[in-house]
Amino acid sequence: MKKESLPKRLVCLYLPLLVIMVFILFPFYWTFVTSVKPEDELYGAVVTYWPQHITFEAYTKLFTTTVNFMEALKNSLIVAVATTLVSLTSSTLAAYAFSRYHFAGRKTLMSIFLCNNMFPTVLLLIPLYTIMRTLGLLYNPTSLVLAYTTFTIPFSVWLLLGFLNDLPMSLEEAALVDGCNRGGAFVKIILPILGPCMVATGVYIFMQSWNEYTFAMMFTNTATRTIPVALKSLIGQLGVQWDLLTAGGILTIIPVCIMFFFAQKRLVEGLTAGAVKG
């Protein structure tokens, strides 16, 4: 096979990749640049692509103004972590049951789980609001955790089910022969193998809970609001506080970036697990 020349490779491969990278990364760059601009440059008539005087005053104001960003950050973290634990535990057990046991209504339940992802989550807003108000959970982080599990669990079950169906039954049968019961075989054999897929599923659940706005707007008040709602309060009728809004956006993506940095290898393994059968 004839080796491609360097100019052709630059034009056909690296140039399109460069364009795509610029298209993806420029919004993050512009958000950061806007957050460190002084007010005279931010609201000036001339657009600058890099500030002449870098200032982090917006980040300081974000934690000292009425937005109470630190409290919103804590609320978002509590809700996201709790939702991830509840959804991931329930989804893992449910996916294992659907994969290893054949019972009446199994296909019907799986179809219901699949159909749940076909409809927008906003359709659940009014019924869930009524339920939370009846249970006395309104304006409580618990209401958000329960609301988020309604759309994270069905997708997570399907994501984990594909990987579990590819695991041979002989692994558990060997553990049962060696003296393990069904629970011991699940904990000692299945869970370690299922690790990459669980990481991928956990990252999906965390991101959905961390970024969700509609339910957070309806089910929280000033004391329990999460980051998306707190950032929305910076957009008023008379204008937008761009410095605070972009500073909050940068701080919001930091936890997700850290999570991806440490979990990227297992994330790729988990997302591709069960996709190819050989």
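**Close-up views of a predicted all-helical model**

Val 36 is buried, its relative accessible area being 0% (buried means under 20% relative accessible area, exposed over 50% and partly exposed in between, with a 1.4 Å probe and protein chains only). The model is predicted, so local features need pLDDT of at least 70 and side-chain atom pairs count only at pLDDT 80 or more, while totals for chains, interfaces and linings use all residues. Residues are numbered from 1 along each chain as its sequence is written, and side-chain values use heavy atoms, with hydrogens and water left out.

**Figure 1. Surroundings of Val 36 in the loop between helix H1 and helix H2.**
Helix H1 covers residues 6-35 and helix H2 residues 39-42 (helices are DSSP runs of H or I of at least four residues, strands are runs of E of at least two, and both are numbered from the N terminus). Not counting residues up to four places away in sequence, Val 36 touches Pro 51, His 53, Ile 54, Thr 55, Phe 56 and Tyr 59 (contact means heavy atoms within 4.5 Å). Asp 243 is 207 residues away from Val 36 in sequence, yet the two C-alpha atoms are 7.5 Å apart in space.

**Figure 2. Ser 87 in helix H4.**
Helix H4 comprises residues 69-100. Ser 87 is buried, with a relative accessible area of 0%. Its contacts, leaving aside neighbours within four places in sequence, are Thr 149, Thr 152, Ile 153 and Ile 205.

**Figure 3. Thr 92, also in helix H4.**
Thr 92 counts as buried at 5% relative accessibility. Apart from neighbours within four places in sequence, Thr 92 is in contact with Leu 160, Phe 186, Leu 191, Leu 194 and Met 198. Of these, Leu 194 is 102 residues from Thr 92 along the chain, and their C-alpha atoms are separated by 9.2 Å.

**Figure 4. Tyr 139 in the loop between helix H6 and helix H7.**
The flanking helices are H6 (125-135) and H7 (141-166). The phi angle of Tyr 139 is near 65°, a positive value in a residue other than glycine. Most residues other than glycine have a negative phi. Tyr 139 counts as partly exposed, at 39% relative accessibility.

**Figure 5. Two of the spans annotated as transmembrane region.**
The unreviewed UniProt entry places this feature at residues 12-32, 77-98, 110-132, 144-164, 185-207 and 244-263; UniProt positions are given in the numbering used here, feature names are shortened, and annotations may be inferred rather than shown by experiment. In the model, residues 12-32 are 100% helix and 0% strand, with end C-alpha atoms 31 Å apart. Residues 77-98 are likewise 100% helix and 0% strand, and their end C-alpha atoms lie 31 Å apart.

**Figure 6. The whole protein, for orientation.**
The secondary structure comprises twelve helices and zero strands. The radius of gyration is 24 Å, well over the 19 Å that the globule rule gives for 278 residues, so the protein is more spread out than a compact globule (the radius is taken over C-alpha atoms, and the rule is 2.2 Å times the number of residues to the power 0.38). Along the principal axes, the C-alpha atoms fill a box of roughly 75 × 70 × 35 Å. Of the 278 residues, 37% count as buried. Among contacts between residues at least 6 apart in sequence, 72% join residues at least 24 apart.
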